Amino acid sequence: MRMILFSSRQYDSDTFTEANAAHAYELRFQESHLDLETAVLAQGYDVVCPFVNDTVDAAVLERLHAGGTRLIALRSAGFNHVDLAAAEGLGMTVARVPAYSPHAVAEHAVGLILALNRRLPRAVARTREGDFSLHGLLGFDLHGKTVGVIGTGMIGRVFGRIMAGFGMQVLAYDPGTPADDLLALGARYVPLDTLLAESDVVSLHCPLVPATYHMIDSRALARMKRGAMLINTGRGGLVESNALIGALKDGQLGHLGLDVYEEEGGLFFEDHSNLPLQDDVLARLLMFPNVIVTAHQAFFTREAMSEIAQTTLGNVAAWRAGTPRNVVSPAG
Ligand code: NAD
């Protein structure tokens with residue numbers, strides 16, 4: 001069984017090589033992104049393993065199929081970057097890693113909240129310079145405030161439980177079934193507009209699908225409490241990036257923590273520090289003192305990486321045995 005991993009880095013090679021001891025597949029680690037041009041590298045590989053910013057549209061799938069690929073083994077939970085209808089039309093299977101460590105992502109969201117609230121990046125930079133003053137570092141108690149959780153699946157539930165532990169009132173919005181564990185902690189499910197209007201912190205944990213694209217736009221930002229905090233560890237397309245700038249400039253949005261960004265493809269996961277940043281919206285966002293951007297690292301813990309490698313290779317084994325699992329299809 002031959003499998004090629006696109007957009008792979010040393011840490012992917014390390015974790016997949018370790019997990020592959022149980023399978024002994026022939027693995028090829030490819031640094032380049034998957035796109036129409038690089039798809040040729042997958043010629044002769046039964047399994048292609050793309051990452052979140054790879055292009056897996058109809059044209060790429062057709063090229064992969066022509067080269068003999070039959071399984072797209074995603075090493076991510078999100079699958080918004082795959083044309084599932086095209087894959088189905090070609091008879092290709094798409095599998096994903098539905099859960100690895102919801103704790104990794106939820107804990108990173110909490111990290112962003114604490115860092116923004118207590119202005120930790122600024123405080124650290126200041127003490128390194130020998131400046132031990134406190135002006136500009138005033139935060140607020142999370143205890144007694146309200147957090148709004150949008151999407152209470154695996155990650156949103158862990159996040160909600162942690163925030164309840166801080167003594168925050170939890171509001172939730174999810175069109176699916178309410179989470180019993182959050183209800184038991186006193187969470188209230190409310191309409192989205194109510195959540196936006198009443199929360200001091202709003203955190204996004206729903207998938208990017210047509211219904212959630214730009215769910216946080218200028219109208220939603222205007223609905224939020226003045227000076228509230230917005231955290232996005234979901235997917236960049238959930239938030240209309242342009243609208244953030246106006247909301248931050250006039251103070252409507254008080255703090256912003258992003259681990260994902262609409263136009264992150266080709267930028268995140270890579271070192272661009274020697275190049276002028278071409279994305280003017282991101283460049284502007286990075287200038288605000290009350291904004292923190294991390295480069296899609298919420299999933300990046302030892303435990304999650306190990307689980308991702310094991311599940312991805314387990315998906316390959318199941319597919320090979322004729323009992324595919326963790327399959328995603330256009331029907332859902
Ligand atoms: P999940 O499928 O367990 O939960 C998603 C929840 O969102 C479900 O309860 C669903 O009902 C809900 N939902 C669907 N449509 C909604 C809508 N319109 N409004 C509100 N809620 C809605 O998924 P999960 O494992 O909790 O992951 C959530 C998302 O986090 C993923 O889709 C992925 O995009 C993102 N993610 C990011 C990282 C990262 O490193 N930043 C890592 C993993 C996952």
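**Where the ligand sits**

The ligand occupies the largest pocket. The model is a predicted one.

The shell around the ligand has 23 residues, and those that come nearest are Tyr 100, Met 154, Ile 155, Asp 174 and Thr 233. By residue type, the shell divides into 12 nonpolar, eight polar and three charged residues.

**Polar contacts to the ligand**

Oxygen atoms of the ligand pair with both side-chain and backbone atoms of the protein. Asp 174, listed among the nearest residues, places a polar side-chain atom 2.6 Å from a ligand oxygen. For Arg 235, an N or O atom of the side chain is 3.5 Å from an oxygen atom of the ligand. Phe 299 takes part through its backbone: one of its backbone N or O atoms lies 3.1 Å from a ligand oxygen.

On its own, the ligand has 860 Å² of accessible area, and the protein covers 83% of this.

**The chain as a whole**

The chain contains 12 helices and 12 strands. Its radius of gyration is 21 Å, and the globule rule gives 20 Å for 332 residues; the two values are close, so the chain is as compact as a globular protein of that length.

Taken along the principal axes, the box filled by the C-alpha atoms is roughly 60 × 45 × 35 Å.

Key:
Residues are numbered from 1 along each chain as its sequence is written. This is a predicted model: local features need pLDDT of at least 70, side-chain atom pairs count only at pLDDT 80 or more; totals for chains, interfaces and linings use all residues. Side-chain values use heavy atoms; hydrogens and water are left out. A residue is near a molecule or strand if one of its heavy atoms lies within 4 Å of it. A polar contact is a pair of N or O atoms within 3.5 Å; within protein, one must be able to donate a hydrogen and the other to accept it, and residues adjacent in sequence count only if both atoms are side-chain atoms. Accessible areas come from the Shrake-Rupley method with a 1.4 Å probe; for residues, only the protein chains shown count as cover. On a 1 Å grid over the protein atoms alone, a cavity is a set of points where a 1.4 Å probe fits but cannot get out, and a pocket is an open set with protein on both sides within 12 Å along at least five of seven lines; lining residues have an atom within 4 Å of a point. A molecule sits in a cavity or pocket if more than half of its atoms lie within 2 Å of its grid points. Ala, Val, Leu, Ile, Met, Phe, Trp, Tyr, Cys and Pro count as nonpolar, Asp, Glu, Lys and Arg as charged, and the others, Gly among them, as polar. Helices (H or I, at least four residues) and strands (E, at least two) are DSSP runs, numbered from the N terminus. The radius of gyration is taken over C-alpha atoms; the globule rule is 2.2 Å times the number of residues to the power 0.38.
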